[in-house]
Amino acid sequence: MSFRHIFVASIGNPSPTYTNTLHSAGHTVLSHLRVWLHTSPFRKSRIHASGLLSDDPRDPYWILWQSPSLMNISGKPLHTAWRTFLSSLATPEERKSARLVLVHDELELPIGKIKVREAEQSAKGHNGVKSVMATLPKGTNLTKVGVGIGRPASRESNDVAAYVMRKMTEAEVDIMADVAGQVSEVVRDMSNGAR
């Protein structure tokens, strides 16, 4: 069986100020995903655009990366990190089959649900996803995993902004740990070619 290399990237706002805010749900899920996939503690990687990196040299088929930038300008650092990841792969075949998985918050889903979408589908108004899609080259093997954070009753932009910038409750952080289990299944399936 041949395995595909997976670069799992989360976008959100930088820690510690924005740790565990709803808008940074992707980072929260990735922190828990590290446990599910048995990768190393996160460490800063200058060659990966100074993002936080987690991997397992014994099982090199997936690498986790947290964007160091503000959500709405995530594209450029992610593109740099993705290029660095691709250049580390040994063969053209590995580079061609490698997949980028983007984990981000999703207002249109109830908290605790995920939605897996391919690159060509809309960013659905998400400025961080728009930044990523505008920066990556056409044809990038990209899968987006939206992590549900729910939506406030009001659709007013100030109310929505206040909602997504609030800290998660302890129960919501626990839900994100469970979501990481769902995302780990997606990553494993992609790596072994089942997706």
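This briefing describes two helices of a predicted model, α1 and α2, and the packing of α1 against α6. Local features are reported at pLDDT of at least 70 and side-chain atom pairs at pLDDT 80 or more, while totals for chains, interfaces and linings use all residues. Residues are numbered from 1 along each chain as its sequence is written, and side-chain values use heavy atoms, with hydrogens and water left out.

**Helix α1**
- Helix α1 (residues 25–37), like the other helices a DSSP run of H or I with at least four residues, has 13 residues and reaches 18 Å from its first C-alpha to its last, close to the 18 Å expected at 1.5 Å a residue (1.5 Å times one less than the number of residues).
- Its buried residues (under 20% relative accessible area, 1.4 Å probe, protein chains only) are Ala25, Gly26, His27, Thr28, Val29, Leu30, Leu33 and Leu37.
- Their cover includes α6 and the strands (DSSP runs of E, at least two residues) β1, β4, β5 and β7 (142–148).
- After α1 comes His38, with a positive phi near 60 degrees.

**Packing of α1 with α6**
- The axes of α1 and α6 (residues 170–191), lines fitted to C-alpha atoms over the stretch in contact, lie 8 Å apart at an angle of about 65 degrees (on a scale from 0 to 180 degrees between N-to-C directions).
- In the contact (heavy atoms within 4.5 Å), α1 contributes residues including Trp36 and His32, and α6 residues including Met176 and Arg188.

**Helix α2**
- In α2 (residues 75–87), Gly75, Pro77, Leu78, His79, Ala81, Trp82, Thr84, Phe85 and Leu86 are buried.
- These buried residues pack against β1 (6–10), β4 (62–66), α3 (92–97), β5 (99–106) and α4 (127–135).

Definitions and conventions
Buried < 20%, exposed > 50% of the residue type's maximum accessible area, 1.4 Å probe, protein only.
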